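Hi,

Here is the structure I promised to pass on. Have a look at it first, and then read on for what turned up.

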Number of protein chains: 2
Amino acid sequence: MTALVSDRGLEVLRVIVQDYVASREPVGSKSIVERHSFGVSAATIRNDMALLEDEELIAAPHTSSGRVPTDKGYRVFVDQLADLRPLTVAQRGAIEAFLGESVDLDDVLARTVRLLAQLTHQVALVQYPSLSTSRVRHVELVPLTETRLMTVFITDSGRVEQRLLDVSAPLDDMLIGELRAKLNSSLGGLGLSDAAAKLATFVEGFTPERRPVVQQIVASLTEQVLANKQDRLLMAGTANLARTEEDFSGSIYPVLEAIEEQVTLLRLFSEMEIEPGGVLARIGRENAGYGLGETSVVTSGYSSSGGSVARLGVLGPTRMDYSNNMAAVRAVARYLSRLLGTE
Amino acid sequence: MTALVSDRGLEVLRVIVQDYVASREPVGSKSIVERHSFGVSAATIRNDMALLEDEELIAAPHTSSGRVPTDKGYRVFVDQLADLRPLTVAQRGAIEAFLGESVDLDDVLARTVRLLAQLTHQVALVQYPSLSTSRVRHVELVPLTETRLMTVFITDSGRVEQRLLDVSAPLDDMLIGELRAKLNSSLGGLGLSDAAAKLATFVEGFTPERRPVVQQIVASLTEQVLANKQDRLLMAGTANLARTEEDFSGSIYPVLEAIEEQVTLLRLFSEMEIEPGGVLARIGRENAGYGLGETSVVTSGYSSSGGSVARLGVLGPTRMDYSNNMAAVRAVARYLSRLLGTE
DNA sequence: ATTGGCAGTCCTAAGGTTCGAGTGCCAACA
DNA sequence: TGTTGGCACTCGAACCTTAGGACTGCCAAT
């Protein structure tokens, strides 16, 4: 399809994207020959631009103004033209210094998302890692009142899950103690799906009059075992949307509204294939289904000790600095994988 | 100070605030006599308005345009004129239905903050409750690798605190087991400050070569015991800022930036005195120190089972519907107190 | 394939005018 | 003393016109 566009034509597309992203103004043939040394005249550039326009890689906001990249143009830029230079030493240093201090998983992720926002000047997103390959470490039952109980569930990967529970019959300490002991001895060390299976038949070892209460507790625990924090998302840097307000046709209201709905973003994340170590961009209208037709999302995957993968990335106006942002996302994802992999 | 302003004058202030909040346009004497039945002529209203202006309760954006409330005017309105009608039945129903389903504390608060945002169409804030009066329920040590450990700390109020820890010497299961047993037997049931005191001398019961490791673990636990989730804040409804964008002189960028800094908001919260059951407003420039000089904050306190108090509230442009928002904040705070009080 | 030239397009900024809402003030009035 | 109608005045919002300029598209020449 780009067969019609010469190499120089692609080079022209590159500088159009770069200049437009930098200046936010449509770029004309004259300013191209001024700012870049193509060794040809403006008229020649104009011919190339006409081809690019035929291919719908650039478009003119008004009949006689400079050209602006289309979504398709950004796509070609990202796929063929962007060079992801590694971060500067200072930036790498900042990552290490900032993430190095973390005290636990929550802290690591909270710092990561802030860091990413700062590095890219966009909205940053970090999904909680899936911990499906982890094993049961400990189960704790904490009676709060006669009929109220907290169940705490701990895995060897550091995930802690708590839940409140109202039971239908009064609890006695004997039962709680017995239950706790049995739960821990039969579940300890099991993988999560095995643990869930075991819980399904757990109630059988109890006398009929105790079963209802035990059943309630077991049901709650089963939920916890299967619950996956991967449906959680951290976000930072929403203020950056306001900074780049002019890049949105109307108000930024619909965008802010869309990204407040975490479910939306998680679905969007889940639709993006992640090649390990790679970084992916979804551009402009590709996100239209989510009310985010004027934004782009750059993501990468990171892996935690469990070997499973979660995503992180940034979201911003279609007119964003893809080179920088993709490099930053990639670097942070890699660093995070390294950090979590050793745990 | 308001001695110079007649009762009718205050009534005029009320309708100016109400009309301006509703229409976002400066309100003139003529439109007042049209929309409200004062039984006097526009000229008379003008005289009252002149007095209100002398008192700096209203101001004219331009020499010959309608009047707009000043911060001081909003203050008088809030203190003397606003009537907080109770929520509608439908709204009360929504609160009960929405919060009733919650499964644990995190869930309750997450739902609360979203509810409040929806009810007020502003940015909603909910501070985590202080749990200082709770007692130690259980301490769990989870070895992850030879030198890596997770400490989990559970209180009877349902708070769960986890932390990762690298220790300087390899751990053995014997030590962990002994430590776990001793910790639980000596801390169980203690109040938090007592527990911290006990931890300070805890290391003494161990042999010298074990002390360094024990000391590290104890130090981590002490931090956890003293850590207070009250420095955490939930937020929802930031999109509402974009919706009311015109109410801010420049961009909403500085506002978004300020509210991303949770520390700022917590400090702001902490400066607002809470009378139990009351609801308070900080208006416009009163928040200037926080980069929030064009916003108002409406808060109330709520109490959890511990008897201690945390805050919740909404933040929005100075030009906001104080009556509605204060009523909503009060209602949600009360409902939340009731809900958490029974736990 | 490239280039200079040139006509034509259309946006933007600046300046000027009108229009009207609203005020302040005053003299008259109850 | 408080209220009212009248009136001159102010000043922003909206609209129009004009001039300027940045570009393009096309063509004929190289």
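To compare the copies, they are superposed by least squares on the C-alpha atoms of residues with pLDDT of at least 70 in both. (pLDDT is the predictor's confidence in each residue, from 0 to 100.) Done that way, chain B lands on chain A after a rotation of 180° with 0.0 Å of shift along its axis, at an RMSD of 0.1 Å. That is the relation of a two-fold axis. Both copies use the same surface, too: 97% of the contact residues of chain B recur in chain A. Here, two residues are in contact if their C-beta atoms, placed from the backbone, lie within 7 Å.

Some housekeeping before the rest. This is a predicted model, in which local features need pLDDT of at least 70, side-chain atom pairs count only at pLDDT 80 or more, and totals for chains, interfaces and linings use all residues. Residues are numbered from 1 along each chain as its sequence is written, while chains are lettered from A and ligands numbered from 1 in the order in which they are written.

On confidence, chain A averages a pLDDT of 88, and 94% of the residues score at least 70. Among the elements of chain A, strand S2 (residues 68–69) has the highest mean pLDDT, 97, and strand S6 (residues 160–166) the lowest, 79. Helices (H or I, at least four residues) and strands (E, at least two) are DSSP runs, numbered from the N terminus.

Now the contact between the chains. On it, 29 residues of chain B meet 29 residues of chain A. The elements of chain B that each supply at least two residues to its side are strands S4 (136–143), S5 (148–155) and S6 (160–166), plus helices H10 (239–243) and H11 (253–260). By class, that side of chain B has 13 nonpolar, 5 polar and 11 charged residues. (Ala, Val, Leu, Ile, Met, Phe, Trp, Tyr, Cys and Pro count as nonpolar, Asp, Glu, Lys and Arg as charged, and the others, Gly among them, as polar.)

S4, S5 and S6 of chain B also form an open sheet of 3 strands in the order S4-S5-S6, with antiparallel pairing. S4 and S6 of chain B each have a single partner strand, so one side of each is left without a neighbour in the sheet. Two strands pair if DSSP finds at least two bridges between them; S5(B) and S6(B) have 7. In that pair, Met150(B) stands opposite Leu164(B).

Chain B has an open sheet of 5 strands as well, ordered S7-S3-S10-S9-S8 and paired antiparallel. Its edge strands are S7 (233–236) and S8 (279–282) of chain B, each pairing on one side only. The twist averages 20° from one strand to the next. Helix H13 (residues 322–341) of chain B packs on this sheet, touching S8, S9 (295–303) and S10 of chain B, and its direction makes about 25° with that of S9(B). (Axes are lines fitted to C-alpha atoms, for helices over the stretch in contact, and angles run from 0 to 180 degrees between N-to-C directions.)

Last, the DNA. A residue is near a strand of it if its C-beta atom, placed from the backbone, lies within 6 Å. Strand C is surrounded by 22 residues, with Val40(A), Thr44(A), Thr63(A), Ser64(A) and Gly28(B) the closest. H3(B) gives the largest share of that surface, 5 residues, and the classes are 5 nonpolar, 13 polar and 4 charged.

Around DNA strand D there are 20 residues, and Gly28(A), Val40(B), Ser41(B), Thr63(B) and Ser64(B) come nearest. Two or more residues each come from helices H2 (29–35) and H3 (42–54) of chain A and from helix H3 (42–54) of chain B. H3(A) gives the most, with 4 residues.

Cheers
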